[in-house]
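This report describes helix packing, nonpolar cores and backbone geometry in one protein chain. The sequence and coordinates should be kept in view while reading.

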Amino acid sequence: MSRILTVAAAQLGPIQLAEGRDVAVARMVALMERAAKRGAELVVFPELALTTFFPRHYHEHRAEADRWFESAMPSNETAPLFAAACRLNLGFHLGYAERTPEGRHFNTAVLVNPSGQIMLKYRKVHLPGHAEFDPRRAVQHLEKRYFEVGDLGFPVIRAPIGGLDGVNMGMMICNDRRWPEAWRVLGLQRVELVMLGYNTPALNQAAAGFEAPHLRVFHSHLSIQAGAYQNATFAVGVAKAGSEDGNELFGHSIIVNPQGEIIAQAASWDDEVIVADCDLDMCRLGRTTIFAFGQHRRPEAYGRITGQVGAVDPPVFTG
Ligand code: ING
């Protein structure tokens, strides 16, 4: 008996600095309705889906940035998403900026069931960019200024979704997809579906050297396809895309199967729904053969992975 989950990636076009959450939420409800019409049971939204990608803007006083954060989930502004999920019998993943009651700040994602229960929460671990204003950069990337490092690890939950009694689901956010460690921690919990949203500039903004523009998408797809294949899991990578106040983010949202194949891809850099039937039993081949972790992994050889932060120089051959 195959276990099929119909998943939608709900890619968002740009959200301008001046646009309120109500505009984004209304667009997102429309995408949920389109996804439901296409038979989707789960809808995956991008990272920081409610606002413009505000880490590109410098706020001298961090408290000025609180305007970009949600102090409750659901809040009045996001309640329509929860109502739509119930009305359409959809689960959904949402990326947003979280401000906790204690005043801590995280780049967060939640997985919500049709009843509005938050089944899983994840806080972004790999924060790219910098904490202070960098005059060398054409555009700032201040995630290290506005967010703390996530403190929830990389959790996986087995939960009912769609017509299935239990699916092993996990999340990561944007830059996390570039780090194989994140994928492997999820893989070691038998994850079957990894949901990740991203806001990725279409052009390299670090003043560190030339990177051909086509490589931006190549690296994103390479990371997601490799992570899915090497951990025998489905993956859904969902962009916020388009030009936000002149700053271009690329789209190319994808759904990837446990063989690392792209089975659906967005064609625009705007609001767009892509849908795929994910037969979760496809995970079994990889995890019982090539990536049967219990039979083949050798943690005693991997000490450097958790023992070191940065790289060290190797010994020099002296003949
Ligand atoms: N954005 C980018 C990402 O990792 C980035 C930042 C782009 C880092 C390209 C390195 C290279 O996709 C976020 N929000 O993490």
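Contact is taken here to mean heavy atoms within 4.5 Å. The model under discussion is a predicted one.

**Helix H4 and its surroundings**

Helix H4 spans residues 180-187, and its buried residues are Ala 182, Trp 183, Leu 186 and Gly 187. Viewed along the axis of H4, these buried residues lie within an arc of 135°, so they line one face of the helix. Their packing partners include four strands, namely S6 (156-161), S7 (164-173), S8 (193-198) and S9 (234-239). Helices H5 (214-230) and H7 (293-296) also pack against the buried residues of H4.

**Nonpolar cores**

The largest nonpolar core has 51 residues, among which Met 169 and Leu 193 touch the most other members. Strand S7 supplies the largest share of this core, with six residues. Beyond its neighbours within four places in sequence, Met 169 is in contact with a set of residues that includes Leu 111, Met 119, Leu 120, Pro 155 and Val 156. Ile 157, Ala 159, Ile 161, Val 191, Leu 193 and Met 195 are also in contact with Met 169. A second core, separate from the largest one, has 27 residues, among them Leu 31, Val 43, Leu 50 and Val 273.

**The H1–H2 pair**

Two packed helices are described by the angle between their axes and the distance between the axes. For H1 (residues 21-37) and H2 (residues 79-88), the axes come within 10 Å and cross at roughly 15°. Angles under 35 degrees count as roughly parallel, and H1 and H2 are therefore roughly parallel to each other. Their crossing is right-handed. On the H1 side, the residues that meet H2 are Val 25, Met 28, Val 29, Met 32, Glu 33 and Ala 36. The H2 side comprises Pro 80, Leu 81, Ala 84, Ala 85, Arg 87 and Leu 88.

**Backbone geometry in loops**

Met 73 and Pro 74 are joined by a cis peptide bond, with omega about 5°. Pro 74 lies in the loop between strand S2 (42-44) and H2. Asn 89 and His 252 each have a positive phi although neither is glycine, as tabulated below.

| Residue | Phi | Loop | Relative accessibility |
|---|---|---|---|
| Asn 89 | near 55° | between H2 and strand S3 (91-99) | 55%, exposed |
| His 252 | near 60° | between strand S11 (247-249) and strand S12 (254-256) | 21%, partly exposed |

Exposed means over 50% relative accessible area, so Asn 89, at 55%, counts as exposed.

Terms used. Residues numbered from 1 in each chain as written. Predicted model: local features only at pLDDT ≥ 70, side-chain atom pairs only at ≥ 80, totals over all residues. Heavy atoms only, no water. Buried < 20%, exposed > 50% of the residue type's maximum accessible area, 1.4 Å probe, protein only. Helix = DSSP H or I, 4+ residues; strand = E, 2+ residues; numbered from the N terminus. Arc of directions from axis to C-beta. Core = buried A, V, L, I, M, F, W, Y, C linked by side-chain atoms within 4.5 Å. Axes fitted to C-alpha atoms, helices over the stretch in contact; angles between N-to-C directions. Parallel < 35°, antiparallel > 145°, perpendicular 65-115°, else oblique. Left-handed = near helix turned anticlockwise from the far one by under 90°.
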